[in-house]
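Biologist: I am new to this structure and would like a close look at a single part of it. Please choose a region, say which of its residues are covered and which are not, and then place it among the other features.

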Amino acid sequence: QARMRMVVAFLLAQLLPWTRGGTGFLLVLGSANVDEGLRGYLTKYDCSSADVNPIGGISKSDIRRFLRWGASNLGYQVLGEVEAAAPTAELEPLRNNHVQTDEEDMGMTYDELTIFGRLRKVARCGPVTMYQKLVHEWRGVHSPSVVAEKVKRFFFYYAMNRHKMTTITPCYHAENYSPDDNRFDLRQFMYNIRWPWQFRKIDTLAERDQ
């Protein structure tokens with residue numbers, strides 16, 4: 001279903017000028033943001049694949065702030081409705097008692113992803129260093145064992161999905177932690193998803209810090 005969205009989008013981009021008596025084709029815009037790319041929360045060659053992605057280098061937090069600003073200052077009230085809606089990939093059937101949401105699927109919030117991204121790229125943290133920083137920053141909010149689990153979950157999925165960044169759609173870069181492999185982040189894209197030494201070290205530190 002996710003890849004069918006991409007196929008249909010490019011099909012319509014090719015057909016619409018023809019149906020209007022014109023020539024050429026339209027550009028397809030992508031919709032994945034920088035945090036989804038960092039987590040790998042997208043399907044390779046799905047609707048994240050496009051000619052250009054205007055929000056591909058912008059964090060979810062900044063996108064939501066812009067939507068609120070647009071609703072208040074530009075008079076487009078529908079932008080406020082979009083911002084208030086829970087982000088969802090809309091890939092699961094709708095049910096009365098459950099709605100698929102991004103953050104539930106990812107196992108982490110977008111705000112946490114922003115923190116992880118800046119520590120990974122700007123502060124150049126690996127798994128152990130990131131745990132050591134966050135166990136102090138989140139003191140009183142999360143226990144050391146919860147911090148350890150969150151850091152390990154992030155790096156597990158980051159390693160698993162890093163290869164997707166080699167085909168990401170070109171975008172305007174507005175964040176200093178963009179994971180775009182082609183132009184902005186030349187880190188390796190093949191990792192051991194188990195991070196054996198690093199995760200064992202985090203478990204040892206979390207047990208000591210409890």
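Modeller: A residue is called exposed when its relative accessible area is over 50%, buried when that area is under 20%, and partly exposed in between. The model is a predicted one. Arg124 has a relative accessible area of 70%, so it is exposed. Arg124 sits in the loop between helix H6 (110–121) and H7. Its phi is near 60°, which is a positive value in a residue other than glycine. Most residues other than glycine have a negative phi.

From that loop the chain enters H7, and this leads to the part I have chosen, helix H9. Helix H7 (127–137) and H8 are among the elements that cover the buried residues of H9. H9 itself has 14 residues. From its first C-alpha to its last it reaches 20 Å, close to the 20 Å expected at 1.5 Å a residue.

Which residues of H9 are buried? They are Phe199, Ile202, Leu205 and Ala206. These residues lie on the same side of H9, because they cover an arc of only 125° around the axis. On the other side of the helix, Trp197, Arg200, Thr204, Glu207 and Arg208 are exposed.

H9 is also tied to H8 by a pair of charged side chains. Lys152 and Asp203 meet in a salt bridge, with 2.6 Å from N to O. This pair links distant parts of the chain: Lys152 belongs to helix H8 (residues 144–161) and Asp203 to helix H9 (residues 196–209), 51 residues apart. The two partners differ in cover: Lys152 has a relative accessible area of 14% and is therefore buried, while Asp203, at 37%, counts as partly exposed.

That salt bridge belongs to a wider set, as the structure holds 7 of them. Elsewhere, Arg64, Arg68 and Glu83 are linked in a network of salt bridges. In one contact of this network, the side chains of Glu83 and Arg64 meet at 3.2 Å, N to O. Glu83 is in helix H4 (residues 77–84) and Arg64 in helix H3 (residues 60–73), 19 residues apart, so the pair links distant parts of the chain. In the other contact, the closest N and O atoms of Arg68 and Glu83 are 2.9 Å apart. Here too the link runs between distant parts of the chain, from Arg68 in helix H3 to Glu83 in helix H4, 15 residues apart. Glu83 counts as buried because its relative accessibility is 12%. Arg64 counts as partly exposed at 25%, and Arg68 is partly exposed at 40%.

Two further features complete the picture. A nonpolar surface patch of about 470 Å² is made by Met4, Val7, Val8, Leu12, Leu16 and Leu26. Of these, Val8 lies in helix H1 (residues 2–19), and it counts as partly exposed at 37% relative accessibility. Tyr45 is found in the loop between helix H2 (34–39) and strand S1 (53–57). Its phi is near 65°, again a positive value in a residue other than glycine. Tyr45 has a relative accessible area of 43%, so it is partly exposed.

Methods
Residues are numbered from 1 along each chain as its sequence is written. This is a predicted model: local features need pLDDT of at least 70, side-chain atom pairs count only at pLDDT 80 or more; totals for chains, interfaces and linings use all residues. Side-chain values use heavy atoms; hydrogens and water are left out. A salt bridge is a side-chain nitrogen of Lys or Arg within 4 Å of a carboxyl oxygen of Asp or Glu. Helices (H or I, at least four residues) and strands (E, at least two) are DSSP runs, numbered from the N terminus. Buried means under 20% relative accessible area, exposed over 50%, partly exposed in between (1.4 Å probe, protein chains only). The expected span of a helix is 1.5 Å times one less than its number of residues. The arc is that of the directions from the helix axis to the C-beta atoms. Contact means heavy atoms within 4.5 Å. Patches are made of residues with over 30% relative accessible area and no salt bridge: like charges are joined within 9 Å, nonpolar side chains (Val, Leu, Ile, Met, Phe, Trp, Tyr) within 5 Å. Accessible areas come from the Shrake-Rupley method with a 1.4 Å probe; for residues, only the protein chains shown count as cover.
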